[in-house]
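This text walks through the cavities of a protein model and the residues around them. Please keep the sequence and structure in view while reading.

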Amino acid sequence: MTEAQATPQTGKRVLLAKPRGYCAGVDRAVQTVEEALKLYGAPIYVRKQIVHNKHVVQTLESQGAIFVEENEEVPEGATVIFSAHGVAPEVYEQAKQRSLKAIDATCPLVTKVHQEAKRFAAEDYDILLIGHEGHEEVIGTAGEAPAHIQLVDGPDGADKITVRDPEKVVWLSQTTLSVDETLETVARLKQRLPLLQSPPSDDICYATSNRQHVVKEIAPECDVVIVVGSTNSSNSVRLVEVALDAGARAGHLIDFAHEIDDAWLADARTVGVTSGASVPEDLVADVLTYLATRGFGDVEEITTANERLTFSLPQELKRDMKAAAARR
């Protein structure tokens with residue numbers, strides 16, 4: 001990594017991580033709500049937060065989206081969108097019983113983990129799901145095969161599991177975990193279960209891995225790393241942990257620029273900035289503006305990967321959009 005030249009007048013600089021912000025799954029989920037509002041008109045109901053970001057949820061609410069916790073809160077026959085984190089099969093069943101028009105905005109990479117869970121359960125494997133208890137994604141995946149799935153919440157959780165057949169056990173994971181901690185958890189599991197099988201392809205999504213990788217690159221040079229993201233966003237919380245583990249002197253998670261405490265910057269010369277996978281870029285721009293007014297005007301973007309992946313909108317929405325276009 002080339003070291004940025006600090007601004008001569010202040011000796012202060014910003015290392016801006018890239019990739020950061022929206023991933024393909026989040027982009028698709030947010031676009032799904034926006035297009036549904038345009039197509040069907042407000043209100044559109046969304047079960048749980050479409051993505052874990054305060055600003056995104058507030059923006060969509062202002063456009064006519066109504067966020068609910070469960071299908072029971074949606075009027076019968078209305079349209080409901082399921083969030084990017086995925087849902088258990090029983091949620092689809094509940095929607096059917098209430099005659100809801102369900103649009104599934106689950107990230108395709110989460111859907112992949114659901115498919116793996118179903119396949120291994122059908123083959124009668126014990127499935128060890130590495131993830132955080134209570135996270136929506138974990139609840140959704142576990143709901144695919146509750147009789148076969150045990151949650152392993154971090155390396156220490158590896159010591160508590162029991163399996164029926166140590167030769168027929170596989171691990172899967174939540175897509176937004178710390179890569180390093182997940183590897184540590186798998187290593188602990190393999191000490192007890194040497195024949196533990198791995199998922200066919202990595203479950204931690206490319207965007208989570210990429211954002212953690214670039215933070216590891218910049219962290220050793222940073223007095224403080226500011227991560228833009230919400231506290232209920234697993235991948236955003238992980239970025240702060242990764243920054244600290246990789247050598248940043250301090251790390252903080254904020255939703256908005258005004259939450260920055262000037263005391264964090266008092267003795268800082270290098271500030272790292274990144275954002276979680278559900279954060280729009282204008283929030284990062286606000287942070288850079290805030291830092292510039294405090295002498296951190298020299299910004300170097302550090303790039304470790306270029307992301308080009310995109311996901312198409314849910315089939316049921318695309319079908320209705322096509323039909324509406326044909327009627328015009």
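Ser234 lies in helix α8, residues 234-245 (helices are DSSP runs of H or I of at least four residues, strands runs of E of at least two, numbered from the N terminus). The model is predicted, so local features need pLDDT of at least 70 and side-chain atom pairs 80 or more, while totals for chains, interfaces and linings use all residues. Residues are numbered from 1 along each chain as its sequence is written, and side-chain values use heavy atoms, without hydrogens and water.

Ser234 is buried because its relative accessible area is 7%, where buried means under 20% with a 1.4 Å probe and protein chains only. Leaving aside neighbours within four places in sequence, Ser234 is in contact (heavy atoms within 4.5 Å) with His132, His135, Gln174 and Thr176.

His135 is found in the loop between β6 (126-130) and α5 (136-142). His135 also counts as buried, at 12% relative accessibility. With the same neighbours in sequence left aside, the contacts of His135 are His52, His85, Gln174, Thr176 and Ser234.

The UniProt annotation "binding site", from an unreviewed entry, covers His135 and Ser234, among others; such annotations may be inferred rather than shown by experiment, and UniProt positions follow the numbering used here, with feature names shortened. Of the annotated residues, those in the lining of the largest cavity include His52, His135 and Ser234. A cavity is a set of points on a 1 Å grid over the protein atoms alone where a 1.4 Å probe fits but cannot get out, and lining residues have an atom within 4 Å of a point.

Technical notes:
On a 1 Å grid over the protein atoms alone, a cavity is a set of points where a 1.4 Å probe fits but cannot get out, and a pocket is an open set with protein on both sides within 12 Å along at least five of seven lines; lining residues have an atom within 4 Å of a point. Buried means under 20% relative accessible area, exposed over 50%, partly exposed in between (1.4 Å probe, protein chains only).
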